[in-house]
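Hello,

Here is the structure I promised to pass on. My notes on it follow below.

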Amino acid sequence: MSAILEVDDLCVTFTSRRGDTRAVDGLGYVLQAGETLGIVGESGSGKSVAHLAILGLLPPNARVEARRLAFAGRDLLTLRDDERRKLRGRDMAIVFQDPMSSLNPLLPIGLQLTEVLEVHENMPRRDARRRAATALGDVGISDPESRLDVFPHEMSGGMRQRVGIAMALLLQPKLLVADEPTTALDVTIQAQVLDLFRDLRRRHGTAIVFITHSLGVVAGTCDRVLVLYAGRAVEEARVDDLFARPLHPYTRGLLASVPRIDGDVTRPLAAIPGLPAALARSSTSCAFAPRCTLAEDRCRAARPELDVHTTATAVTRSDAHRAACFQAGIAPPAEVAP
Amino acid sequence: MTRFLLRRLAWAALTVLAVASISFVLMRNVRGGPFDSERRASAAVEKNLRERYRLDWPTWKQFAAYVGPFELGEHGPAFLGGDGTDTFGGVLAGDFGPSLQYRDASVNDLLAQSLPISAALGFLALSWALAVGITAGIVSALRRGTTLDVALRITATTGIALPNFAIAGVLVLLFAFVWPILPVAGHGSWRHLVLPSLALGAPFAAYIARLTRTGMLEALGEDWIRTAHAKGLPPRLVVTRHALRAGIQPVISYLGPAAAGVLTGSLVIERIFAIPGTGSHFVNSALNRDYALAMGVTILYTALVCVLNLLVDVVQASLDPRIALEDES
Amino acid sequence: MKRQRDDAARIDAALASPSPWRRAWEDLRANRPAFVALAFLALVAIGSLFAPLLPLPSPIALDLRDEPLAPIAPWTSFIVHGFEPEYWNLSAVDEALVALRRAIFGDLQTAAWLGTDSKGRDLLSRIVWGSRTSLAVGMLATLTSLLVGVTWGAVAGLVGGRVDQILMRIVDALYSLPFIFVVIFLITVIDGWREELAATIGLERESIFYVTIGLFYWLTMARVVRGQVLQLKNSEFIAAARLAGARTPWLVRVHVLPNVLGIVIVYLTLSIPSILLFESFLSFLGLGIEAPKVSWGLLAVDGADAINPLGLDWWLVIGPAAAMGSVLLALNVLGDGLRDALDPKGGRG
Amino acid sequence: MRSARLLRRFGLVLVPAVLIAAAGVSLSGASFERADAAFCNGAEPSSLDPQQGTGMPETRLVRALYEGLVVSDPRTGMPIPGMAESWSTSADGLTWTFRIRAGSRWTDGAEVTAHDFAFAWERLLDPRTGAQYADLLFVVRGARAWAEDVGEDGAPTRTFASNVAITALDARTFVVGLEHPVDHFLALAVAAPLVPVSRHALEAARARWPDRWQVEWTKPEHSVTNGPFRLVERRINDRIRLAKHEGYWDADEVAFRTLDVLASEHLATNLNFYLTGEVAYLDEVPVSAIPRLRGREDYRPAPYLGSSFFRVNVAKPPLDDVRVRRALALAIDRQEIADKITKAGELPSFSLVPKLFAGWTGAELRRSGSLADDLDEARQLLTEAGYGPTRPLPPIELHFASQATNKDVCEVIADFWRKELGITARLRNQEWKVYLDAQRRLEYDISRSSWIADFADPATFLEVFAPGADNSRTGWSDARYGDLLERARRAREPERFAILAEAEALLLTELPILPVYTFTVTSLVDPRLGGFHANPLDDHCPKFWYWKPDAELAESRAGNDPAIREVESHGPREGLLSPAEQRRRASR
């Protein structure tokens, strides 16, 4: 299958009066068509910024560099702005986290949907409204025709998120980035929205990048997972491998802090000591070292690379189980077919 | 909606009545009278003049007669059933009475002749100020921090800093003497309104540019602008349809006071360009203690301010659905 | 272990976020143009306050001439003799400053760098002394429009309903009061008890004049703030705060005001010029400050008369306009700097 | 909610639509084709009713629209026949009989008769008209008593005809009886308020609009006038368009077919109007422009029957001491003010009455020669009055209305007194009406004032300070002065001038006023405008105006002093003459 998205050594640096901050520090992964990749990490780990960079939605004071950034084979870095703009909304789409502020409060929902169709397909107004109505129907909104003239503040959070999703899927994009789509929703709505994503993958084979800080969500929806810490990938693996045998101490800490339904309610929840690494990165030592229980001198002396620690059965590059930690405790990295 | 309009018009009427009554009493307690002049007339003449304009009546009675022809009897104009011996039918009958300064003109004539001219001048000044101001505001918001932004801001500041009579002087010098393409002053065709509306509009253009710039910066910072970009909309559409609609809000709420300001601003401009607008009546009626004309202008001005503010609220609501016109609370 | 302490210290430093005001101050200092503007304004304020100390000719000393004297290049004649301490009745402090100035400079004074008006009065000196009146007027009116205007608008916008209606209709009413009558009325009332007022509470005509201007200048601010608050009113954080039991005064002070600050600052820097011009308009009508005192507005009025096709005494216009213009430009730049510095979203890119 | 959404959509459209409509309305029908000539008339006239006029703007319009018994000759200023083709006075000088010209018509075609004059003069005297200049006719026998004997309703109690010696014997004979002989009665008769009004037109207007006739009868469509021009259109604060009145007896001598009278008070704007050829004549230029206008052929400053002085509140110490008043009167550098402040070459004046009347010498403030000597005498007087370094003179307040030149003059004088006499003089400006009210209530120390002549005779100035006169406002009431004026009223020339001079001498020793200078009119007149001559009353009837053709312009320029700078004229090169003048020049 062709790779939808190839990201290699992506770095994003914000320049401001108070000095430069590197939000994303060498992120790399490959996403196949129809595959759902989970991106997990605490807030401030750069998971959203990275994907805003991929879509080209960062403010002017952001500097984006990468060895390779390609979408369906086309190199995004050298693409002209208007060419890249045509991709957005048609082939690449994004659903934002906060439904309250991601819809224009001054315009009715219908217009915010039909304008995508008019811009990309210059579809006449009446057909666009019908397509928008069906899209709303697809995301489970009842009586969609009458919703078109409604304003965002007249809808609930859940409804608005559904509109956001419908808006992203209007033109069946090849890639959908979902930036914590369920965080702002309560659990029941969350489940319905996750069903939408699963149904979406089944019907249209859309490649989805699912950004979240909830491991529970990842378990239910993603094929593979990438764990981010302080702007870098620290572990990448298939969902089952990650939950079965977490290699990186940070991942283990994350998994341990998830309360289990059958867990012992008397014991306090395990939490990772210290605070999440602020934007001030260091390129000479493992960023997790200050909080890592296994940290040794070599962790502070050099920065571990994302090496493969896979068992013999691993076949393709995307199935490999990688971790960026000297203490991963698995045999030295084996050669892997591309 | 109509309930909202009715309520607002009721409030407007109340405001006009309040302002009218305060002004009515205020004027009569200001030192100096309408018939004071360097060369005083005889006592008998002065007595007659005061009676002609009912200044000898007690103030409350004057106000009652001013507002409406209540005792129709022997007073009140013919068309309202009076025997016509009374020169004036009261504001409710649409008659603002005779002017005290211009003895052979009624306030209705004075206002009828002057208002459309001031309105035209004000409209031209405001419309070019809006057009230039909004575009400059958007450009300097989008090109924030570039030399263009700084240049626009500096010109905007000079537009504010220079008094409009200084701007008028310079404009006259340039376009009536150095390149004599426009008349120096006076009133006749649209060409007579070009320079005055430029001079009158300059400070407002600068204001609007500054307010638009700030409004746009705030709007462009919103999350839903990022959504608009994420949808692949062309930048121009993102700015006009999405950002501008929110960014224009401070300008809209400024429009009400701006329109009222244009009227007062025109006092100076109408004097410099010899334009027969309401501005000169505003000042001269006060200086001449022409109570009738001053009341006429004040009531007109109050009504105008109320209507303009109503329009602004309506426009603001039509731009931002979240602002409910019917105040439920 | 030392390395670990350094790392921890570095991260702690990054984490310890300074209070918003201190961060704003640092931001402002980092923003060079805004800081230059602030410095310039401080300089003008000091110059205006210590005007009697500066070796300037008296602003009202007459040297009757047929035509105004054109500006002289400073390097041709820098300092000349012939200073006569001619002023209107100054306050005790100013008298002391004048005495100090004579001790330091004797009868030296600056030459007519900016030229003179048709009555031979030095333009530079009149601009500096004029700044006292104009800045005082600007300050008072700004203060009034800040205190009264912002709160009035915020409360009206927030509470809405009947209160909003009443407050806004009062604003409409005040807007349309014939301000000329009110000003004449106030001035004549004060003139009536001129001696007693000056003697008892030292409230002479000039301060009433400032109050009158202040009376008119918070109205537009109230309307603009109300417009903004209406927008904010439906946002979630206000609803949340209200839910948490916050009463209106608290809402206004903590939630609404910081959010409205951007527009308020911009609007303030815009309204100061029109206040100065309103003052000149009143002086033009003879209702303003008393002769022979001077203000920028008055200088602008005299200057405007100087533009006539026969001959251009350009400095009479450029002088006051440049003075007013530079102060207003500084205010605008500072206003923008403040707006960005205080903007919680960290000043967009 | 449906209508709310509709309104929301139209809200944006509503605002511009309303404003565009307003703009359209105002500009419709606003344009005019250019008049043959135009002139700036200053403020908008307060009334076109000749009897209610007060200031110069009204007078200039009355000169164009109406014509009285006599008019002043444009060149000499002496009274020449107007509606009255001839007149005679009785031996005792008490009765004047005027012969009204036949064939001169109102603009509605009716003949002008003596009855119109009687009607107009009665109207002037009748307090119900509200005429400010009613006192012009108080020289007529019985007029004052009739006008002041007023009932409860403000109307005169007695009938006019039987009490006032103003009668129209028949359509062409108009007889006026006087209280006492008045040699300058003709100078009085020239005054604008004494022009006739059409009795039949005004009475018809009163019948047609019982309550609105005041406003209707002077409107262009109803206006009935008898002067060289008639009213075509009036736009308040803009312009009044006049056209030649063909029914006027001397229409043949009138050159301009159309004439515009512009209403604009801003001097700089008026100057711009003139410099771009919009107007042919301007009666006042901004003081700041004077230095650059000097020496131009069209800049013609001329002395004017107006006197500028300070009123002194004689009731308020220290000004109640005549020595203090005299000291202040002496300590004024009048030449400096004329040269450097008013700049129009005003004549420094040491008397109240300008020295512009034929045969009038009048009196002067007693002075000892140069300004320095006067200052010494002033200081000496102050010490005599008991003031000096030990007991300084209390601060004096210079009170003035806020016109620019007033402020400058007061600043200069205050500065001069501070330097020369060590007096602290404070300045207090007040808005015009408040200033007048303060003067009337004597709430001032020294107040900047002026007086313009109502008619060409010294009495108009001196009567102002008669004991009990409304306009005195100085608190000075001197019986001797009153007797002198009474005797002068009865006297005939030449004793009358002598008595008036004696009165002025008394005034200038008691000094309720501090004379400063005589007014100068700073007019700008297009070099091609013919028939325009300077005169002390600045009284110019547009009847005599015409455009000089090139030949005549060159000829009149030849006579100029070579130093005079020629300027571009905006008048038509071929000139515009009255039909009669064209015939005369053709025959020559």
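Between which chains are the most contacts found among the five pairs of chains that touch? The answer is chains B and D, where two residues are in contact if their C-beta atoms, placed from the backbone, lie within 7 Å.

Before the details, some conventions. This is a predicted model, in which local features need pLDDT of at least 70 and side-chain atom pairs count only at pLDDT 80 or more, while totals for chains, interfaces and linings use all residues. Residues are numbered from 1 along each chain as its sequence is written, and chains are lettered from A and ligands numbered from 1 in the order in which they are written.

Chain contacts

The contact between chains B and D draws on 62 residues from chain B and 62 residues from chain D. On the side of chain B that touches chain D, at least two residues each come from helix H2 (43-52), helix H4 (107-142), helix H6 (164-178), H10, H11 and H12 of chain B. Helices here are DSSP runs of H or I with at least four residues, strands are runs of E with at least two, and both are numbered from the N terminus. H4(B) provides the largest share of that side, nine residues.

Chain A touches chain B through 23 residues, which meet 18 residues of chain B. On the chain A side, helix H2 (81-87) and helix H3 (109-121) of chain A are the elements that give two or more residues. H3(A) gives the most, with four residues. Chains A and D have no contact joining them, and their closest C-alpha atoms lie 10 Å apart.

Helices of chain B

Helix H7 (residues 191-220) of chain B has a bend of about 40° at Gly201(B), and Pro203(B), a proline, follows within four residues. The bend is the angle between axes fitted to the seven residues ending at a residue and the seven starting there. Of the 30 residues of H7(B), 28 are buried, so this helix is largely enclosed by the rest of the structure. A residue counts as buried if 20 or more other C-beta atoms lie within 10 Å of its own, as exposed if 12 or fewer do, and as partly exposed in between, with C-beta atoms placed from the backbone.

H7(B) also packs against helix H5 (residues 147-161) of chain B: their axes come within 7 Å and cross at roughly 140°. Axes are lines fitted to C-alpha atoms, for helices over the stretch in contact, and the angles run from 0 to 180 degrees between N-to-C directions. H5(B) and H7(B) are therefore oblique to each other; angles under 35 degrees count as roughly parallel, over 145 as roughly antiparallel, 65 to 115 as roughly perpendicular and the rest as oblique. Their crossing is left-handed, meaning that the near helix is turned anticlockwise from the far one by less than a right angle, whereas a clockwise turn is right-handed. Among the residues that meet here are Ala156(B) and Ile160(B) in H5(B), and Pro203(B) and Tyr207(B) in H7(B).

The axes of helix H10 (residues 249-272) of chain B and H12(B) come within 9 Å, crossing at roughly 165°. H10(B) and H12(B) are therefore roughly antiparallel to each other, and their crossing is right-handed. The residues making this contact include Ile252(B), Leu255(B) and Leu263(B) of H10(B) and Tyr301(B), Val305(B) and Leu308(B) of H12(B).

Backbone points to check

Two residues that are not glycines have a positive phi: Arg289(B), at about 55°, and Lys343(D), at about 60°. Arg289(B) sits in the loop between helix H11 (278-287) and helix H12 (291-319) of chain B, and is buried, with 23 other C-beta atoms within 10 Å. Lys343(D) sits in the loop between helix H11 (334-342) and strand S13 (347-348) of chain D, and is buried, with 23 other C-beta atoms within 10 Å.

Chain D also has cis peptide bonds. One runs from Pro317(D) to Pro318(D), with omega near -5°; Pro318(D) lies in the loop between strand S12 (299-312) and helix H10 (322-330) of chain D. Another runs from Glu493(D) to Pro494(D), with omega near -15°, and Pro494(D) is in the loop between helix H16 (479-490) and helix H17 (495-510) of chain D.

Chain C

Chain C has 14 helices and four strands, and 47% of its 349 residues count as buried. Its mean pLDDT is 77, with 84% of its residues at 70 or more; pLDDT is the predictor's confidence in each residue, from 0 to 100. Among the elements of chain C, helix H1 (residues 2-15) has the lowest mean pLDDT, 57, and helix H3 (residues 32-49) the highest, 89.

Regards
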